[in-house]
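Here is a short tour for anyone meeting this structure for the first time. Have a look at the picture, then read on.

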Amino acid sequence: MGETIMTPKTALVTGAARGIGLATTRLFVEGGRRVAMIDRDEEALREAAAHLGDAVLPVVCDVSRPEDVTRMASSVRDGLGRVDALVNNAGVADFGPIAETDFARWRRVMETNLDAVFLVSQELLADLCATRGAIVNIASISGLRASTLRVAYGTSKAAVIHLTKQQAVELGEHGIRANCVAPGPVDTKLALAVHSPQIRAAYHDAMPLNRYGTEAEIAEVIVFLCSDRASYVTGQVVAADGGFEATGIGLP
Ligand code: NAD
């Protein structure tokens, strides 16, 4: 990854303690950038940040809580100044059918996967306007295709796709670009928790590339969309999914 692609000087990545968020943080840091690493898992965050040196500022925050988000944004401003790339990546997965998804389960998914994208983006709006920054929201192929078992997760991700388009349309006049990455299956803690052996086998069979993606492969797309190389790209959903969406096959 060359220096020219790494336009953002200061990025903020939510859900940065592990998985796709940590891989994205590493890629930004490799390009010489500073990153505010945001996560609610304090222990995992400290451990991840310890390997990345002075380039990162870890801030413990539950991004679904408005007062936490306000405090976090102020710590980031004090520590790193204004961010010019925001990656709304923190997410939770809870697969269940409609009949078994009680309201508390539904809300837990919505609070992190949807509400937090709105909250963090709104909190950082003035900073992004000042820097003419970029927003990348992480959705999922589950937000592109309805399926069994994913009523809350799929609905939250479909809403994130729409919220991204709203951001692109409304904030374009401030020079802010907003795009969305919809990953296919990636072997992370999140996927391990909800992908049964049946789901895994079905994905492997259905994927044109016959494999799960890696965290680093998704990070490349996120960092590209944050960079000046994507300067005329906004309001888009990029499916980084090994070709799954193109098959037209239903989600397992
Ligand atoms: P992961 O579980 O490995 O990492 C998610 C991180 O987010 C964790 O460190 C967790 O502590 C943090 N987090 C969760 N809720 C939070 C909150 N309220 N406040 C602050 N931090 C919070 O998951 P991942 O697979 O790397 O997922 C990253 C994103 O990618 C998620 O939005 C997920 O929905 C999306 N995604 C993942 C896959 C996949 O197969 N892994 C597929 C499509 C989309």
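What pLDDT does the protein chain average? The answer is 95, and 97% of the residues score at least 70; pLDDT is the predictor's confidence in each residue, from 0 to 100. This is a predicted model, where local features need pLDDT of at least 70, side-chain atom pairs count only at pLDDT 80 or more, and totals for chains, interfaces and linings use all residues. Residues are numbered from 1 along each chain as its sequence is written. The model also scores ipTM 0.99 and pTM 0.97. Residues 1–6 are a weak spot for confidence, with pLDDT under 50.

Now for the sheet. It is open and has seven strands in the order S3-S2-S1-S4-S5-S6-S7, with parallel pairing. Strands S3 (56–60) and S7 (237–240) are at the edges with a single partner strand each, so one side of each has no neighbour in the sheet. On average, neighbouring strands are turned by 15° against each other, direction ignored. Helices (H or I, at least four residues) and strands (E, at least two) are DSSP runs, numbered from the N terminus, and two strands pair if DSSP finds at least two bridges between them. Take S4 (residues 85–88) and S5 (residues 134–138): they pair in the parallel sense over four bridges. Leu86 has Ile135 in S5 as its bridge partner.

Two helices lie across strands of the sheet. Contact here means C-beta atoms, placed from the backbone, within 7 Å; axes are lines fitted to C-alpha atoms, for helices over the stretch in contact, and angles run from 0 to 180 degrees between N-to-C directions.

| Helix | Lies across | Angle |
|---|---|---|
| H1 (residues 19–30) | S1, S2, S3, S4, S5 and S6 | about 170° to S1 |
| H2 (residues 42–50) | S2 and S3 | about 175° to S3 |

H1 turns up again around the ligand: H1, H4 (103–123) and H7 (189–194) each supply at least two residues of the shell. In total, 30 residues surround the ligand, and the closest are Gly15, Gly19, Gly91, Thr188 and Leu190; a residue counts if its C-beta atom, placed from the backbone, lies within 6 Å.

Finally, the unreviewed UniProt entry annotates residues 9–189 as "domain: Ketoreductase", and such annotations may be inferred rather than shown by experiment. That span is 48% helix and 18% strand, with its end C-alpha atoms 29 Å apart.
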